[in-house]
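I opened my notebook on this model to look up a few charged side chains and one helix pair. Here is what I wrote down as I went.

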Amino acid sequence: MVTNTAEAVAPGTHNCVIAPHLKNEIAGAVGSRYSRMFPDLPSPIAPEEALLALGRSGAVIDDRKEDDAGDNSCIPAGWPFFGQFIAHDITADRSAISHHASVDRLTNFRTPRLDLEAVYASGPIGSPYLYDLRDADKFLLGVNDAGRPDDVPRNSQGRALTGDPRNDVHQLISQLHLAILKFHNGVVDWLRERGTPAADVFGEAQRLVRWHYQWIVVHEFLPLTIGQELVDDILAYGPRYYRAGARPYIPVEFSDAAYRYGHSQIRARYHLNATASGSVFPECAGACPVAAGRVLDWRYYFDVDSQQAPQPTRRIDARLVHSLIALPPAVVGETEIPEHHSLAVRDLLRGRALDLPSGEAIAREMGVVSLTAEELRLVQVYAPWRGETPLWYYILKESEVRQDGQRLGTIGGRIVGEVLLGLISADPAAYLAEQGWVPTLPAVQKNTFTMADLLRFASVTTRSS
């Protein structure tokens, strides 16, 4: 297990201070847990052939059009990858799922906190290969074919040296991981410029990076994804259905349905920079060095520069671009079942294996008007369809029908919002535990911090407050 610690390591001293709330985990825990958010709700009875028919190549979910008709200009293209980054930070399920899996037997090899464990791993002591040998307060950066530090560090075979191998599954996520590494290194420089004692630099930099990252999740990512009104409601009144408790858990309704909404946001092709483009798979597949000509220009992904509008995401709806319906063997492995190359099929089968409740069942539980059969259009896809709707598909359809695909609907939004805000609220080391805290790093607007601020900060070498 990769254990999360809160070390304070000064160059050359290698002192390690472990945060009190992590000592029990480090002492012997082997992982955290998954559980159910709605344990008493029924699961839809959908035969496997129905799910294959719904998600296979050429079926209704397969969107082969490469036009802008499905674009969502409300959310820039980088946010689904930020969402993927969050997923890798809080979940890592290495179990093989068979029908019908016991949730109690699933192990989450991540602490259920937004603490950047996938970046820091076990810190300079436990994971020294991630850190700069000449300056243990900083992350090691990779050097590309132009001699610039614009890639994650890699071994001699091109494999990324990261706290989570999934952060190199494609180039866009590895470049985002690199941006966080550079952000941390920039914070180290910023603290040293302000006279922070050497023994405190790493621990303080780690805290600032985590808190500003959490701030972005609460104040930018979630408002874009679920709407500011729902964010405010959950912060003011607390979650209605997710109870983190003394041992926070990841609900399978979140990890295996609601939070997979981002798959529908992926574009067919991306401008990587002014001269290069490609699809996420296979053209931007990871596990290899990122050439200088393919380094991401973040202006194409977030609102960084008023002179360059970022690419939009696709709408959140029940369609995935074809490259996700025909995943390469390098991503899914060798399989004799063609449908297993479809991410949609894999999402649907995962939900069935875990006996997730239907979308209609959760709608009844929440007191929300259910989508109609005409809105869901399952019978049009698979004539013998009987029973209710798989949760993943329902949440996508809810967004499509109720929000025009611009953000999640009531059910999807509440599950995603309650879990992410619940995890941050339950973490005694998160910024919400420090009443009245506001961001302190340089930003365009005082007392706040955006993804654009993070990227600007990470890209400069001389900083001023």
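The entries below follow my lookups in this predicted model.

**Entry 1: a buried glutamate**

I started with Glu253, which sits in helix 9 (residues 252-255). I asked which side chain of opposite charge is nearest to Glu253. Arg36 is the one, at 5.2 Å, and Glu253 is buried yet has no salt bridge. A salt bridge needs the nitrogen and the carboxyl oxygen within 4 Å, so I did not list Arg36 as a partner.

Next I checked what the Glu253 side chain does reach. I found the backbone nitrogen of Met37 at 2.8 Å, and the backbone nitrogen of Phe38 at 2.9 Å. Leaving aside residues up to four places away in sequence, I noted that Glu253 touches Ser35, Arg36, Met37, Phe38, Ala258, Leu356, Pro357, Leu391 and Ile415.

**Entry 2: salt bridges**

How many salt bridges are there? I got a count of 35, and I looked at a few of them.

Lys138 pairs with Asp189, their closest N and O atoms being 2.8 Å apart. This pair links distant parts of the chain, with Lys138 in strand 6 (residues 135-139) and Asp189 in helix 6, 51 residues apart. I put Lys138 down as buried because its relative accessible area is 16%, under the 20% cut-off. Asp189 has 22%, so I entered it as partly exposed.

Arg154 and Asp168 also form a salt bridge, 2.9 Å from N to O. Both of these residues are in the loop between strand 6 and helix 6, 14 residues apart. I noted Arg154 as buried, and Asp168 likewise.

My next pair was Arg456 and Asp453, joined by a salt bridge at 3.1 Å, N to O. Both lie in helix 18 (residues 451-459), 3 residues apart, about one turn of the helix. Is each of the two buried or partly exposed? Arg456 counts as partly exposed at 31% relative accessibility, whereas Asp453 is buried at 5% relative accessible area.

I also jotted down a network of salt bridges that links Asp63, Lys65, Asp71, Arg267 and Arg314.

**Entry 3: a helix pair**

Last, I turned to helix 3 (residues 79-90) and helix 6 (residues 171-193), which pack at an angle of about 75° with their axes 10 Å apart. That angle makes helix 3 roughly perpendicular to helix 6. Where they meet, I listed Phe81, Phe82, Gln84 and Phe85 from helix 3, and Leu172, Ile173, Leu176, His177 and Ile180 from helix 6.

Definitions and conventions:
Residues are numbered from 1 along each chain as its sequence is written. This is a predicted model: local features need pLDDT of at least 70, side-chain atom pairs count only at pLDDT 80 or more; totals for chains, interfaces and linings use all residues. Side-chain values use heavy atoms; hydrogens and water are left out. Helices (H or I, at least four residues) and strands (E, at least two) are DSSP runs, numbered from the N terminus. Buried means under 20% relative accessible area, exposed over 50%, partly exposed in between (1.4 Å probe, protein chains only). Lys and Arg count as positive and Asp and Glu as negative; His and the chain ends are not counted. A polar contact is a pair of N or O atoms within 3.5 Å; within protein, one must be able to donate a hydrogen and the other to accept it, and residues adjacent in sequence count only if both atoms are side-chain atoms. Contact means heavy atoms within 4.5 Å. Axes are lines fitted to C-alpha atoms, for helices over the stretch in contact, and angles run from 0 to 180 degrees between N-to-C directions. Angles under 35 degrees count as roughly parallel, over 145 as roughly antiparallel, 65 to 115 as roughly perpendicular and the rest as oblique.
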